Each structure stands twice: as C-alpha cells, then as structure tokens.
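Open the model in a viewer and keep the selection panel at hand. The stops below go from chain A to chain B.

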Amino acid sequence: KVTEGENSPLPGVTVLVKGTSQGMTTSADGTFTMECAPTSTLVFSFIGYSSQEVPVNGRSSISVKMGADTKQLADVVVVGYGTQTKEEFTGSAARVKGDAVKDLPVQSFDQGLAGKATGVSIGQPNGVLNNPPVIRIRGVNSISLSSYPLVVVDGVPINTGNVAGSSTVANNPLGDINPADIESIDVLKDAASTSIYGSRAAAGVILITTKSGKAGKPKVTYEGWAGVTRAVRLPKMLNAEQFMMIKNEAVLNSKILSGNANNASVASELFFPMYNADGSLVDTDWYKEVYQTGFSQNHSLSVSGGSESTKYYFSTNYSKQRGILKTNEFSRKAVRFNVDHKLTSWLTLTANANYNNTLNASPNTGSLEGNAFGLVGSARLAWLSAPNVPVYNPDGSYNLSTANTLGMGNNQVSSNFYNPVPMLDLNKYTSENDHILGTFAADFHPVKGLNYRISYGVDRLKIENVTFQSGVHGPGYPSGNATNTSIAANNWDFTNTLTYNLTVASKHSIGLLAGYDRQKFDNAAWGATRSNSADIFFNDFQGSYGTIIPANNALNERALVSVFGRFTYDYDKKYFLTVNFRRDGNSALGAGKKYGNFGGVSGGWSLAEENFYRNSSLAQVMTGLKLRASWGKIGNANLTNWYGSLSLYNSGLYGSAATWAFSQGGNPDLGWETGKQTNVGADIGLFNDRIQLDLTYYRNNVDGLILNVPQSPSKGIPNNAMLMNVGSMYNRGFEVGVTANVLESGKFSWNTNFNYTFNKNQVTALYGEGTEIVGTTSATAETSNITRVGYSVGSLYGAKTDGVNPENGQRIFINREGQRVQYNHAVPSGQSRWTYLDGSAAPAISVSDYQLLGNALPKFYGGFNNTFRYGNFDLGVNFTYSGGNYVMNGSKGTWRDQRFWNNTTEVLDRWTTPGQKTDIPRVVYGDLLSNGSSFPISENVEKADYIRLQTASLGYRVPVQLFGAKSGISSVRVYTQVFNAFLITKYSGTDPDISSNGNSNLTPGVDKNSIPQGRTFTFGVNVGF
Amino acid sequence: CDEKDIMNPVPQTSLQGTFLFDTPERVLGQVNGMYAGLKVGNFFGGRFPMLSDIRGEEFINRLQNVFTGYDAWNHTINSGSNDALTTWSSAYATINLTNLVIDGLAAHPNVVDAATTAQYVGEAKFVRALCYFSLISFYGQPYVKNQGASPGVPLRMKGEASPANNNLARSTVAQVYAQIIKDLDDAEAALPLKYSSDLLNTTRAHRNTAIALKTRVYLNMGQFDKVVTEAKKVVSDATPYKAATGVAHQLQADINTVFTSSYTTTESIFSMPMTELDNISGQSSLGYEYNLNQEYNLNATGILGNAQWRTGDSRRTMLRASGTTMYLMKYRKANPYLDYVPVIRYSEVLLNYAEALARQSTPDLAKATAVLTAVHQRSDSGYTFPAATTSSATALTNAIWVERRIELLGEGFRSNDLLRNMLPIPSKGTAPSITSSQPEYIFPIPNAEISSNKEL
C-alpha cells in the first residue's frame, strides 16, 4: 500500500520492478499487488513526490509512504516568461507560497503579504474593505508616477490600484483573485530580474501563479472560515457632560479674552443639555451608531486531478465580508478553471479562465485618498458629532437642522456636518466588478530543449459604480440624486516566446529566450447623474427624476510593444550568468521618446560546489554558500495620464454655448524614468542548511524622474504643472532573511523565518536649484508634505511648535526666523492674535514658516514568522514590524479642535491656571489652529515604530480515522486565527500604518480623519477528500 | 493592427492644439472658452464675488469652515490659503486663454474674417481687463493710496503653453491699471454694438459692456471725471436713464425680475449664465453658501438695519428670515443652481455715475441725487433722500455708498468699495476690524507663485 501525508492512500503511483519493464499503478485505495522476485527492488514514483527505491527483502506486504518532493517544489523561482531553479537564479527575489495567504481574512492576497517577503513593505491604509494596500518594494522608486509594483497573473500584466475611480468605495481588482487559488507569489526585486519587464519594472514585479491540476486521483479540497471584525484603538471621546463643560469653558474663555467679560450681550455659554423622555441626559455614543462588529465568511471548493496528458483544476469561491463600519461590505463569487493538455508529443495546450463578480459597498468613510476633509466621512463624524444631542427626535425622525445638518438640540451653535446615521441608512455607494481573467497558450516543442509558446491573455474588467444620495439628508439634499457609472477596462496581451535549453559536454548549460509582446489597454467610462427625484420613494438611478446630466465620461487607450531576450549559462552548477534585454515601446510617451532599451546582467558563484571549499573546515559549518551580483537598467513610465505628453484642449459649455479651452500643457519630449540598480548578495546555508541566510545589498539610482513640475500660477497653465523628465533620487539598503529549522524533536518542531530590510531613500535633484515639491492632503486642502533635495520623498511638513506657554495657555509656534510666537484665538478688536512672548504683535504663522518635520518613509521593516508543531497541533505566530519614520497624527488636530466639535478625553488636561505645564492649550471657542486642525503642526508628529502581531493561528489536524474510510475524507484541519491581534507602538493615533493619501508617493505618513484598522477573529476548516 | 497606430493613440475626447484653428466654429469655441474661464466656481461663478462680500461687514460666518470662506471672513488668509491661490490661479488661467486667443488669431489670420477677428480680439481684451481688475483689486494696494505706486501683479501678455517663462516681476499697480484701461479702450472700439439675442448681449461683451466696466475701473482710480465721461456714453441725460446706443440698458421696473424671472434683460449688462448642463454647485455656489446651506447669515448690525433701507423696499423681498436670523436669497434656485451670477448690472453703472458726479472736481449734486434716487425709488418708490444727505458732496457720497450696500448686496462689491476708499474693514461677529495699514487688508500673493516665480 502506498500512502502520503497523514496516511492517506495515494492512487496512481507507478510501481516498477527495478531493472525490468514490469510495473503497474496503485489503485484508488493506494494498494497494489504484483509478483516479483523476493530479491528485487521496487521503484515507486509519482509526480510531485520523491521517488523511492524499496528492496523487497522477501516480504509479501510492503507499505510505502511517499514524501512530497520538497526540493523540486521549493527551489523553483518564477521569473519573467519562465522559471529557474533557485540554484540557477542569480537575481533577487522573494517567494511566498499560496498556503501562507489562503486562510487569511483579507479581501486580496496582497494584504496578506505583510512581513512575509524580504524587502517588501505592505501597509494597510485603514480598515476600509478591499482598499489597496500601500506596497513598496525596496522603497519609493518614483515621485510623480505610481510606485505600485507590476502584477503579472499567469503571464499577463493586469490592472491594479483603486480601479473604481470612486472617491467613496475602495475597489482593488486584486480582490478579484481568490487567495486560495494561488499556488505561489514571486516578488522580483532587482533590476537584473525585473528588466525583462523593461519599462514597467521600476517598482518591482509580483508574479502570481495560480494552481493547476496534478496527475492522479481527483483531489477535492474545501476551505472555509468565518469570523468577526471589530475596530481597535479608537480614542475615547468626551461624554455629554464633559463635552458641555469643556465647550462652555471655551465659550467663556473666548468672551473674556476678546475683552467682553462684562458685556452681557456676549454669551457666556452656548452648550446645554437635552433630556430623554425618561428624564435621563441625552448622551449619544456615536461610535455605536457608526461602527459595528462585522461578520464574515469565506468558502472555497476546488477539484484537481488528471492524467499524464490532461490535468485540470477547477475551483469556486464565495466570500462575504463585513467591515468595522456599518454598511461596509465585500462579496466575491468566483469560478476558476485551469486545464493543461498534452495533445501530441510536440504540442501542449494550456488554458485558464477566471470569472468573478465582486461587490464592494461602503459608506463614505473619509478614509480614501482625497477624502480626509469631507463633511460626510464616517470616521470624522463619529468623532466630532456632539454627544449631547440624539440621533433621532422623540417622534423617531432623524435629528436634523433646518440647514440639512445635524440638529444641535439645545446648544446655541450650528453644525455644518451631517448626522451620520441617516447617511448610513439612506445613501448607497457600491462598485461592482465583473472580471474575466484568462489565458490560452500553445507550446510547441518539436525537438528536445526547444519550445515555442504563443499565448493570448485577457483581463477584461467591467465596473459598475452606483451612488445614491437621499434627498432626506446629506449631500443629495434636497433633490436626491443618483449617479451610475460604467467602466470597461479592457486589457489584452499577446506574447510569443521561443526558448531553447541545451547542455553541452554535460557541464555547460545554456538557456536562450526570445520574445515579442504586445499589450493594449482600452478604458472607457460613461455615466450620468440624475437629480430632483420625483419622490423620496426612489432609491435608484432607474427611478423618476427631473434632471439628468452626463457624468464621469472618459476614453483612454495605451499600448506597449516589446521585444525581449534572455541568455542563461552555467558551468557545472558552479558559475552562473543571466543576461536580460528588453526593448519597450510605450504609447503614453512623447512622439520621439516612445521606445527605450532596458536590460540587466547577473552572475553567481556557488562556492560550496568547489572542491577547495568542500575540503575546508568552513564547509563543516557553512554547508551552502553562493555569491551573486547583478546590475540592470529599468524604466518607469507608469503615467496615470495616458496622454501626458500631449497639449490638449477640452470642450465644455459656457451656459449652452460650446467651448474649447486649454486643458493640459503637454511635453512632447516626455520620456522614461531610468533606474540603474546594483545588487550584491549571498545565499548561505548553515548546519546542513538547517539555517538559511539570504543577505543582499542594493542600490537603485533613478534618473530622469518624471515630475509634475510646478509652473508659476500666473502663467495660467492648467493645473499649474507640466510633466518633465528632471530630477533624480536613490534607494539604498540591505536585506537579511533567515530561515531556520530551529528545533525538530519527536513530535515537536519549530520553524522560523526572520526578515529585515533597511532602506534609505534620498532625493538628489529636482527641477532646479532650490526647488521643492509640496504635497497636499486631499487635493489642495492642506499642505502636509515636502519633497526636497537631500531628504526622502514626501517628508512631513508644517509649522513647528514648542508646547504650550505655561503663563497663558497659548500654543507657541516657531517662525522662520526661529522666534517664538504665540497664538490667542480671541482678542479684543484691533489687537493681534499672534504675539511674541513679550506680548508685541507678530506676523501670523503661514506656509512660509513651515519646516520639514520628519521623514515619512520607514527606514526598516520586516517580519518574524514562526510555525510550531506538536503532533497534530500547529501554531503560527507572525509578527510584522516597521520603523524609523514619522507620522503626522492629523486626526489629533480633529480630536482637539475647539469649534463645536467633540474632543477626546485628553482635552480634560487642558491649560487652566498660570504656571500649569500641559500639552493641551487653553480651550478657546472657535480655535481651529492651536491643535493642528487648520494646518499641520509638529506637536502632532509622532514616531511610527511598531511591532504588530499580524496573525496568530492555532490548528489541529483531526485524525481522519474518526471519519472512517467510507467518508472519503483524507485530511481535516480546524483552526482558529486572529488577524491584526495587537500593536506595540508609542504612536498615540489609531495605527501608524494609516495612510490618508493611499498610495501617493508625495504625501505618505499622513493620518487624517481615517477609520482605524480592524481586528479579526476567525474559525476555519480545511478538508481534503 | 499596425504598431504605428497603436503607439500613437489620438485622444477622442480632447483636441490637440494643432487642430484648434481648423474651423471657424472652433475659433468661436475658444472665444466662449475665455468666458467659461471667467465662470469657473473659484472665479465669477461664485467664489470671487463671495470672497469680496464676506470680507466686508454684511455677513456673519456661521460654521467656521475654511472651505466656505472662513479664512477670508476672519482675515486669516495667508499665502498658503486655498482661497489666495485659487482666485489668483483662476484669474491667470483665464488671462492665458485670452492671450492664447489673441496670439492664435494672429497666427491663423484666414480662419475667420478680419471683422470677426477684430471682434474676438476685443472680447479677449475685455475678458483680460476684467481678470486684471479682479487681481489688482484683491492683491494690490488701492490705487488711491499712492496713485498706483505700490507693487501690483505680474502682467502676462503672451499665451503660455510651455515650461518656459516662469519668472516675471510684478508691475506696479498703476501699470496694471493702465493696461486695463488700454484693453478696455481697445475693446470698446472693436466690440459690436449688440448681438443677435438677449442671451448673447448678457453673456458676451459688447461695446457698452466695456464702457460699463470702465466706470468701475476709473472709480477705483479716483478719476471721477473719467467715470462721468464713460457713464455718459451709456446713461441718458433724462429719466428714465438708459443707454442711447448699443444695447439699450436700463433698470427694470422690479429688481426681482432680474434675479428670478429673467436673467437677460437690458439691466443685466454682463452675467455668468447657468444651465442644467453647466452650473456651479457645491461650496462655491452662491445659492449654496447664502441660502441652501446657510453658511452665512446677514449681520444684524450691517446694512440690514440701515434707515435708508425701509421695510417696504422690494429689495427686502430677497431676504428670508429663519427665526430671528436673516439670510440672503438673491440666489435661490438650488439643485441645479440656475441663478445667473451678475458681474455688471446697470444699477451699478448708475451708482458709479452718481458717485463720480458727487466727487468730481466740480460736483453736480443735483444730477447725482437724481441718478441715486432713480436706483432707490425703483425699489421703494415713496422714498426721498433727506436734504441733509444730498446737500453736500460728502453726505451724498455716503448715501451712495449706503445705497450700493443695499442694491449690490451679495454681488461682490463690498470689499472693493471699502478698499478703493482706504476705509477700514469693520469688525463683525468674532472677526476683528482691519485697517488699511494692516497686511490683512489685501490678499497675499500665493506661495505657489512665490516658490516658482523667482522675480517676485
């Protein structure tokens, strides 16, 4: 009998009598019966498992347990347009197996990569479902272009980013791929490896290989989990009583400071309680109204199998996930089919198709890029809404003011913010994908070693965005409006490759690859807004409305045409050489600049294979040693504007007359950004490779950066900027990966992986002497970052402060001359709000006083992943960490704002008496400035270092005997898991990973009015049949 | 498909510059494009007149929201403020459109005939003059402070479409005014007397539009004789006052007509048209700010309580009470916001004329009183100005200023009326008063300009 794993029978295993042609395969229950000489040796072989030779030794019954051929599986590196063994590979890459992400309660696999791949930094910008994570491979490698890596699924580069183009709903198309369908994720990091992707490789390449069938008995797998998610680390807000006390104190302070202490016509208090019918004080906890415990479930079923000639893999997935915010949902229904058919000895056909429907629904969270200052963001509304007013009026209607804002009850002030509850109840924002990802390929291999592959891939994504804003309350007031937008993102890729592998004189291995690739992107969007709903009954675009106007129309195309080649050579598996080349044409660039040449060369020396090394004493300890180095040149032209090189005029209307007006200043000389990367490293194995070390040093110099160069606004160039190739920067760093089989004793084992990346980013030139680029949060709402020569991209920028003056409780700022200036929001008419500490009038602090407040890019990051096993139990404990950077805790400005907004309980420590030392200024009603709500201040800049227990899981393999042989069950594992378990950090905001500006290069490290992250507990089961 | 084709995709929703002068229609489109530049939300579409009004004392900010003008109201605008940048950028973007039209017509002389070319250039100069006047009245010290010797704004007179020419020094206030007057004189000579429809007469510049704007510009310069000269071209000697040539501008019987039922009467000399497909909504929309979202209410101690504005005055029908708080509803059509935004109205020309008559070297108080009375009595027919207010030039001027506050409330005049006379901006609510010697008296040049224009 032949078995595998936990003694499950293995059918289809070839059993041969060694030295003869006598043989057979095992039956469905793994058994076989054959006659042979008692002295013969049986050879057991099966694809994916190590072959075994078992001497019969006269036995009549033989049991064999097949072990997975780990060497064969683990040591392959997927590279562009092919694979190499780890031995042959001389670039720099990280590999994450699909198993590592399949059970995570995430929407897309990229969210699950945190801490798992050396050199890859993953930040989850907040707890909004299916929000694209901030992925940085070896730092930020561009300024104005995307720093999101190229993602290639089964050979086809696909669309990434927030594809919805909706400011409300996050829609990451990578969420359309069921993580359980992924066999492996390979991250190419150095230019020698990525340059085969030429112009698109500057931010690294992530290669996704989906699962395919394996010959043998059909294997059925079910994976399912269910769980709950809750918001964590929300700050504590003032209750109704504290709120009224603080705000009335602020009102009184304002009255006194403005010289109206004895003026009866100026109010001394403006905030007054409301009472419920039962006489209790109205004390609304807005968190309860906005946040929820989200329940999620995920089910995947797959079937794989096949014969030597035809292999198949079929899977289906249903996922329904709810977020920490009410009405935030993600659901995915997916099917995938991969088939691989060997038609003749010289022709193999491969096809795979993935169809899925994904629905993203979200309230306006205020947490996506450009939204931090909206009047509708749930995060901010939950924080600032007055606790002493109710959600509903006694008659059950929503508590609203006549001006369509939250009713302020007995408070004698008005709010310009909405009541968040009707916003959640009545409005609807969704983005739904119908996504087909498929490839069809034919491999011709007329002679040994030669293969011609022709492949056609499609990535067709149809997105429907639906927005409904009720006429009852909120942004649709009073007309009620509905906007539907349909977006088609069509992407096809046609690839031809010719490969030839040859071994000469048994020691010279030569590999050749030549290819031609043509890819085209066609995006079309159209839509309309209907408003003035005929009746509040209508909640959909299709209802009855008085007005319709076109919205969100766009038509864009882009093409890439490329030829590429690769040459690999090794001598006796000791010396390795790889040369890559690609010539790329990109339609988005200027007329004479569309084509560019890219390439790289890498070499390796496997010292451990040398006789002199083997004989040295070092070889006893350091059993493996390979040195590798590479250099490459890559490009970047990931322009979000596909017509960025053209000067354009747009047509519009002036009333009802048609217009043409200058809309884009184009640069006909717009070309590539060029990165030149050097990479030096060593792969070291210690103690029979029980400990494996991967050490790499890299430097990447990027020249000809495409910058959106600011133009003097008085020139009147649209958007006051033009794209130009100027500027340069570098990323330098080193990576350490340690994988160790720490302990293996009896039933107990401990495997660990630790990885660390240090990266230094520095801008070395911009568009001229003394130039800098200002980054703003939410369009132009707030200047928050600066990119300056000699510093890292997007450093934090704002006004420098120096605590609170103990004499008078005023915030002290430091102006550009280094002088201390204090701010008093309420002064008698004619007096200056800004004074020097001696009381004389001072100029107001403005942008010209801003200073660089800290580096916003992590200097180091990594992960620490551990797997413990004891018998049938397994325990996974995975940490991620990051640090060396600063975060602007802009939400703190919101939490301490002295308008009618509610505050956190920190404000109870405000200054009240002369001599008092505190970091909270005296509260003065209307003061939006002292705490950084109006512009960023250094008081709110905090260190972002953290360690996170990203996942902890405990699993148990249920002995299959319990189910009996008839059940067909071959393996069962149950597990429980916690995701984002806890965070160790001094950061006082909700999470130092928060990015209010999403993936933007110019404005990292800003945490402004974003919802926090969630913590998820799941219970799951993996069953194999 | 051919590699050359897919590598050179032609945008299907925008036009590349080279095709702009292919047809006369496209040239006309560019002319309309200049007006559309004026009409953007941050400029005459709403934000610009709003900023001018809220800097004055007539409105109280209710919500302390910097996105709806709190900084301007509170005089806390700094060089990094959005309103300082967007006003500047919108004006200069429109100036560039006018320069591109002027340059383009010269480079493509045969697309439209010479007469039409001259008219289009005249329209471009009118729009350019209006933009520079807007800029200089926000970012420059008042002309009357020192006859324009203060630094003004950069004078851009050539179309810009390349990365060159970031640097340009500021011209003096006087130089900018001289250019405005020159453009308007040229425009007056080149513009048609009238167009084929009331809509075009209201939304594009004709000869009287240029003349009307000149009365405003000269008034700012304190050159009252010239105001009178210009005004006489469009105001008849006898009542009812009307323009004798060109578009027959005159007051309508009821001011409400102009704001509610017909936006294209002869009273509306120049307005920003609004249609369902092209209107200004959101936080730059006047209807949203003053009426729908109640961002500002009328200051009880502002013009609201003035004796010259009696309860029966029909201009009070454009106010609305909510409790004891009064709101302006001159702009009331919401979702979509279809009220035209007036830029030049005949009553302003009359009040410019009246003020100049009273303040010119030889005042004509009788005539000034008659013109002022015509404006007032249109809305409150029983009112006569007390003798004390009309007996001296100073008193009469004060009465005219009060009348401007009533008549032009919410149309973007208040700040300029204070500044052109070097008057302090009075305090209101929690906002302090600002004198003409304080830096907050005018807007600062935006930081984006300072950082890229090295000759400022």
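Two strands count as paired if DSSP finds at least two bridges between them. The model is a predicted one, and the first stop applies that pairing criterion to a sheet in chain A.

**Stop 1: the sheet in chain A**

Select A:Val821 and look across to β45(A): the residue opposite is A:Tyr836. Now extend the selection to residues 820-823 of chain A, which are strand β44. β44(A) and β45(A) are joined by three bridges, and their pairing is antiparallel.

Add the rest of the sheet. It is open, has four strands and runs β42-β43-β44-β45 in chain A, with antiparallel pairing. Select 800-804 for β42 and 834-836 for β45: these are the edge strands of the sheet in chain A. Each has a single partner strand, so one of its sides has no neighbour in the sheet. From one strand to the next, the twist averages 35°.

**Stop 2: the domains of chain A**

Colour 2-69 of chain A as domain 1, and 90-218 + 295-366 + 425-777 as domain 2. Over C-alpha atoms, the centres of these two domains of chain A are 44 Å apart.

**Stop 3: α8 and α10 in chain B**

Move to chain B and select residues 173-190 (helix α8) together with 207-221 (helix α10). Their axes lie 9 Å apart and the packing angle is about 160°. Angles over 145 degrees count as roughly antiparallel, which is why α8(B) and α10(B) are described that way. Their crossing is left-handed.

Show side chains at the contact. On α8(B), the residues to display include B:Tyr177, B:Ile180, B:Ile181 and B:Leu184. Across from them, α10(B) contributes residues including B:Ala210, B:Ile211, B:Leu213 and B:Val217. The contact of α8(B) with α10(B) comprises eleven nonpolar residues, one polar and four charged. B:Asp185 and B:Glu188 belong to the α8(B) side, B:Arg207 and B:Lys214 to the α10(B) side.

**Stop 4: α11 and α14 in chain B**

Which angle do the axes of helix α11 and helix α14 of chain B make where they cross? Select 224-234 for α11(B) and 346-359 for α14(B): the crossing is at roughly 140°, and the axes come within 8 Å. The two helices, α11(B) and α14(B), are therefore oblique to each other. The crossing of α11(B) and α14(B) is left-handed.

For the contact, display B:Phe224, B:Val227, B:Val228, B:Ala231, B:Lys232 and B:Val234 on α11(B). Their counterparts on α14(B) include B:Tyr346, B:Asn352, B:Tyr353 and B:Arg359. Sorted by class, the contact of α11(B) with α14(B) holds ten nonpolar residues, one polar and two charged.

Conventions. Residues numbered from 1 in each chain as written. Chains lettered and ligands numbered in written order. Predicted model: local features only at pLDDT ≥ 70, side-chain atom pairs only at ≥ 80, totals over all residues. Heavy atoms only, no water. Axes fitted to C-alpha atoms, helices over the stretch in contact; angles between N-to-C directions. Parallel < 35°, antiparallel > 145°, perpendicular 65-115°, else oblique. Left-handed = near helix turned anticlockwise from the far one by under 90°. Contact = heavy atoms within 4.5 Å. Nonpolar A, V, L, I, M, F, W, Y, C, P; charged D, E, K, R; others polar. Domains from an automatic or database assignment.
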